[in-house]
Amino acid sequence: MTPAASRKPLQRDAPQRFDRAYYQKFYGPHSQSVASKAEMSARAELIAAYTRHVGCRVDTLLDAGCGLGLMRDPLLRALPGATYVGLEYSEYLCNRFGWAHGSIADYRPREPFDLVVSYDVMQYLDDHNASRALANFAKLCRGVLFFSALTLRDWRITADRARTDPDVWMRTADWYRRRLRRHFIEIGAGFWVRRHSGLVIWEHQDLIRVRYVAVHDLLGG
Ligand SMILES: C[S@@+](CC[C@H](N)C(=O)[O-])C[C@H]1O[C@@H](n2cnc3c(N)ncnc32)[C@H](O)[C@@H]1O
């Protein structure tokens, strides 16, 4: 998919968009929440376990587009001693929770992080800014990246449209992969290892990815 073929979002890419009403709609007690606490805890445990599995010691972690910070406590429980930075574009959330305010497209910390998590964020950036953000991950991350974003195929086939925000940029998984591969090695299930990080990637870990892709292709076509 070329950038020109991406779907244009209905709203502009502005931090004001992510206001109280947005989080009430998608995460509020009366909404059909897009992500439950239990689901996010399970995801955080997987991230911590997989990061340990590839031998990455985590002293610092960045939750890039952390939202309400649903993964913060479970990540810190599973990675004791780590320092968590939540980065948010939403002024509303930064005022409410004290997250660092900025965009994943150009955030520049003093030091890169051992672990970077970016879950369900990148579809909110247009092609230009998403490309910048994916390149920026190379500066933000020196170890493991966990990355997930709604794709065009997810929207067409898998997503529960009643609970999923349609006002985003839909792109193919390949669009993301092509850009991430410049600086990261894919090891499956949303995990990427920074090239030249010194982390050893065994071939059996790559087999996990091959098997995952095969099952995914069988299910998704
Ligand atoms: C669907 S929420 C996901 C939040 C969190 N990652 C989670 O899974 O609970 C998307 C979040 O991305 C944030 N976001 C959008 N554009 C961003 C950007 N350029 N930089 C940082 N965060 C951004 C929004 O403010 C919003 O909180």
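This is a guided tour of a predicted model, with a suggestion at each stop of what to select next.

**The whole chain**

Begin by selecting the protein chain and colouring it by pLDDT: the mean is 88, and 84% of the residues reach 70 or more. Residues 1–5 should then be picked out separately, since over this stretch the pLDDT is below 50, and beyond near neighbours in sequence the stretch has six contacts in the model. Switching to a cartoon representation shows eight helices and seven strands. Of the 221 residues in the protein chain, 31% are buried, and among contacts with a separation of 6 or more, 64% are made by residues 24 or more positions apart.

**The sheet**

Next, select the seven strands together, which form an open sheet in the order 3-2-1-4-5-7-6 with mixed pairing. Strand 3 (100–101) and strand 6 (184–188) stand at the edges, and because each has a single partner strand, one side of each is left without a neighbour in the sheet.

Starting from the edge at strand 3, add strand 2 (residues 83–88), which runs parallel to strand 3 and is joined to it by two bridges. To find this pairing at the level of residues, display Leu87, whose bridge partner in strand 3 is Ala100.

Now move to strand 1 (residues 60–64), where four of the five residues are buried, so that the strand is described as mostly covered. Strand 1 pairs with strand 2 in the parallel sense over five bridges, and Asp63 has Gly86 as its bridge partner in strand 2. To follow the connection between these two strands, select helix 3 (residues 72–78), through which the chain crosses from strand 1 to strand 2 in a right-handed β-α-β crossover.

Keep Asp63 on display and turn to strand 4, where its bridge partner is Val117; strand 1 and strand 4 run parallel and are joined by three bridges.

**Strand 4 and its continuation**

How many residues of strand 4 (residues 113–119) are buried? Seven of the seven are, so this strand is largely enclosed by the rest of the structure. With strand 5 (residues 141–148), strand 4 pairs in the parallel sense over six bridges, and a convenient pair to label is Phe113, which stands opposite Cys141 in strand 5. The chain passes from strand 4 to strand 5 through helix 5 (residues 127–140), and this β-α-β crossover is again a right-handed one.

Before leaving this region, select Asp120, in the loop between strand 4 and helix 5. Its phi is near 70°, a positive value in a residue other than glycine, and with 17 C-beta neighbours inside 10 Å Asp120 counts as partly exposed.

**The ligand shell**

Select the ligand and then the 19 residues around it, of which Phe18, Gly65, Gly67, Tyr89 and Ser103 come nearest. Colouring this shell by class gives 13 nonpolar, four polar and two charged residues.

**Around helices 6 and 7**

Go next to Trp169, in the loop between helix 6 (152–158) and helix 7. Is Trp169 buried or exposed? It has 22 C-beta neighbours inside 10 Å and therefore counts as buried. Adding Asp126 to the selection and drawing a distance between the C-alpha atoms of the two residues gives 6.2 Å, although they are 43 residues apart in sequence.

From there, select Ala173, which is found in helix 7 (residues 173–180) and which, with 14 C-beta neighbours inside 10 Å, counts as partly exposed. Leaving aside residues up to four places away in sequence, Ala173 touches Thr151 and Arg153. The C-alpha atom of Leu152 is separated from that of Ala173 by 7.8 Å, while along the chain the two residues are 21 residues apart.

**A last stop**

Finish at His196, in the loop between strand 7 (191–194) and helix 8 (203–220). Its phi is near 65°, again a positive value in a residue other than glycine, and since His196 has 8 C-beta neighbours inside 10 Å, it counts as exposed.

How values were computed. Residues numbered from 1 in each chain as written. Predicted model: local features only at pLDDT ≥ 70, side-chain atom pairs only at ≥ 80, totals over all residues. Near = placed C-beta within 6 Å. Nonpolar A, V, L, I, M, F, W, Y, C, P; charged D, E, K, R; others polar. Pairing = 2+ DSSP bridges. Buried ≥ 20, exposed ≤ 12 C-beta atoms within 10 Å, placed from the backbone. Contact = placed C-beta atoms within 7 Å. Right-handed = clockwise from strand over helix to strand, strands pointing away. pLDDT = per-residue confidence, 0-100.
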